[in-house]
Amino acid sequence: MMPRLGGGGTDAAGGSGTADLEKDLEDRFEGLDLVGEEEIDLDFFEELDDLIGDVRWLLILRVHTTKPFSHAAMFKQMRNAWVPAQDVTFKTKGANLFLAQFHCLGDWSRVMEGGPWLFRGAALVMAEYDGFTNVEEYKLDKIPVWTRIQGILEGLMKKKELAEKVAKKVGEPPILVIVNEGKINPSKYLRARVHLDLNKPLFRFVPINLKERKRCPVQYERLPDFCKFCGLMGHEVKECGDGIHEEDQCQWGDWLRVVFEPNIQTGAGRGGGNRGGFGAEPNIQTGAGRGGGNRGGFGACGRGRGHPGDANEFEKSDMVIVPDDGLEEDRANRKRSSGSEGVLKGSDNASVDVLAKAGRVAQQVNLLEYGNGVNHGESPVTTPPKVQPPKRRRKVLNGVETEDLIGSATSFEEDRREQ
């Protein structure tokens with residue numbers, strides 16, 4: 001089953017309603033009597049070539065899908081996908097027909113030479129637009145796709161003309177093949193960029209008869225959604241007809257897609273330690289990230305030097321105890337009260353090991369319960385108050401410097417009365 005052309009869309013600006021209104025007005029004008037200047041046409045025919053030459057970096061596009069979608073969402077997602085150096089101007093021409101204007105050559109080249117561009121799994125069908133042709137005249141039924149034709153004999157990949165002949169079985173021109181002219185191809189497959197007709201099912205293999213008959217499988221890079229029952233792009237198997245199709249009846253499958261392997265890199269980086277970085281597929285780099293210590297960033301894989309560690313390393317890294325005076329005092333108290341039973345039992349080393357594994361949280365609980373590590377089951381050790389020596393004052397008597405104790409006001413008065 002072939003999907004209807006392009007599906008539909010919704011837009012707050014009413015792009016679809018505007019197109020319908022223009023069509024209705026055009027039909028009405030056919031029966032109107034012309035008055036005055038309405039009878040005289042504006043003729044731009046002689047200037048047409050110059051006008052077309054002034055139009056640059058303008059394309060017409062649609063989304064090849066049977067489902068409705070938001071125009072605003074499509075505009076936003078394509079801006080993010082194209083990452084233009086300058087802004088992109090969109091204009092709605094119908095329910096699923098748009099114009100896009102680029103403002104520099106770099107953005108235009110990147111979009112036109114890239115692709116296929118996808119929106120929610122559906123392909124964007126694009127073509128260069130001259131700005132003056134009726135948009136309804138554009139078919140928009142082909143998309144560029146990079147293909148990989150497996151098992152091609154070495155002799156067919158040494159010459160460009162032979163490789164193009166093979167690629168033409170998969171898609172239509174313009175065709176670009178990657179060959180090493182006159183030399184063997186170091187790749188295991190023939191890579192070619194072809195244009196696929198959206199009205200035809202996907203090619204699954206290329207039949208070649210050379211000394212013996214051989215079928216060379218075809219795979220597609222960044223392939224849009226397609227139906228595994230009929231082989232057409234633009235809808236899925238559950239949307240084909242009534243959607244009820246047995247798996248053994250489907251003659252197309254996900255084996256047509258190229259599966260890109262993640263790029264795993266290991267090696268030295270900034271910082272040290274056991275873990276770190278921001279490892280994520282498809283580009284995964286293992287090791288430690290920026291910084292030092294046990295963890296230098298986020299995730300089990302990251303940038304830098306080190307090893308990914310085991311699954312429990314996050315817990316182990318947080319169970320590091322920092323020695324302080326409370327722990328040392330607790331150890332000394334246990335030595336003085338060996339043999340007595342407290343809250344923590346066992347040898348001194350075993351108790352310290354338990355605390356070391358308990359982590360910072362357990363240490364704080366211990367301090368709160370036992371008052372800086374002192375077991376409440378033991379009698380506290382009291383220290384006698386420190387006696388301050390009496391202060392002395394210096395005085396000069398008959399030219400000789402002497403020291404005398406500084407007493408209170410009461411003691412001086414008593415001395416005077418005794419004299």
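## Two antiparallel sheets, their helices and their cores

A search of the whole structure finds 0 disulfides, a disulfide being a pair of cysteine sulfur atoms within 2.5 Å. Cys 250 takes part in no disulfide, and the cysteine sulfur nearest to its own, that of Cys 227, is 6.8 Å away. The structure is a predicted model, in which local features need pLDDT of at least 70 and side-chain atom pairs count only at pLDDT 80 or more, whereas totals for chains, interfaces and linings use all residues. Residues are numbered from 1 along each chain as its sequence is written, and side-chain values use heavy atoms, with hydrogens and water left out.

The protein chain has 9 helices and 16 strands, where helices (H or I, at least four residues) and strands (E, at least two) are DSSP runs numbered from the N terminus. Of its 419 residues, 31% count as buried; buried means under 20% relative accessible area, exposed over 50%, and partly exposed in between, with a 1.4 Å probe and protein chains only. Among contacts (heavy atoms within 4.5 Å) between residues at least 6 apart in sequence, 58% join residues at least 24 apart.

One open sheet has 5 strands in the order E4-E5-E2-E7-E6, with antiparallel pairing; two strands are taken to pair if DSSP finds at least two bridges between them. Its edge strands, each pairing on one side only, are E4 (89-94) and E6 (118-119). Strand E4 is joined by 5 bridges to the antiparallel strand E5 (residues 97-101), and Thr 92 stands opposite Phe 98 in E5. Helix H3 (residues 71-82) packs on this sheet, touching E2 (58-64), E4, E5, E6 and E7 (122-128), and its direction makes about 140° with that of E4. Such angles run from 0 to 180 degrees between N-to-C directions, the axes being lines fitted to C-alpha atoms, for helices over the stretch in contact.

Helix H4 (residues 105-113) lies across E2 and E7, running at about 35° to E2. Which residues of H4 are buried? They are Asp 107, Trp 108 and Val 111, and because they cover an arc of only 100° around the axis, they sit on the same side of H4, the arc being that of the directions from the helix axis to the C-beta atoms. An α-helix has 3.6 residues a turn, so residues three or four places apart point the same way. The buried residues of H4 pack against E2, H3 and E7, while Leu 105 and Glu 113, on the other side of H4, are exposed. After H4 comes Gly 115, whose phi is positive, near 100°.

Another open sheet of 5 strands follows the order E9-E10-E8-E12-E11, and its pairing is antiparallel. Here the edge strands are E9 (172-177) and E11 (205-210), each of which pairs on one side only, and the twist averages 30° from one strand to the next. Strands E8 (residues 142-150) and E12 (residues 212-220) run antiparallel and are joined by 3 bridges, with Val 218 in E12 as the bridge partner of Ile 149. Helix H5 (residues 160-167) packs on the sheet, touching E8, E9, E10 and E11, and its direction makes about 135° with that of E9.

In H5, the buried residues are Ala 163, Val 166 and Ala 167; they fall within an arc of 100° when seen down the axis, so they line one face of the helix. What covers them includes E8, E9, E10 and E11, whereas the face turned away from this buried side carries the exposed residues Glu 161 and Lys 165.

Thr 147 is found in strand E8 and is buried, with a relative accessible area of 0%. Leaving aside neighbours within four places in sequence, its contacts include Val 170, Leu 190, Val 218 and Tyr 220. Tyr 220, with the same neighbours left aside, is in contact with residues including Trp 146, Leu 196, Phe 203 and Leu 256.

The nonpolar cores complete the picture, each being a set of buried Ala, Val, Leu, Ile, Met, Phe, Trp, Tyr and Cys residues joined through side-chain atoms within 4.5 Å. In the largest, of 37 residues, Ile 143, Ile 149, Ile 152, Leu 196, Leu 202, Tyr 220 and Met 233 touch the most other members, and strand E10 (residues 189-197) supplies the largest share, 4 residues. Apart from this core lies another, of 21 residues, among them Trp 57, Phe 69, Val 111 and Trp 117.
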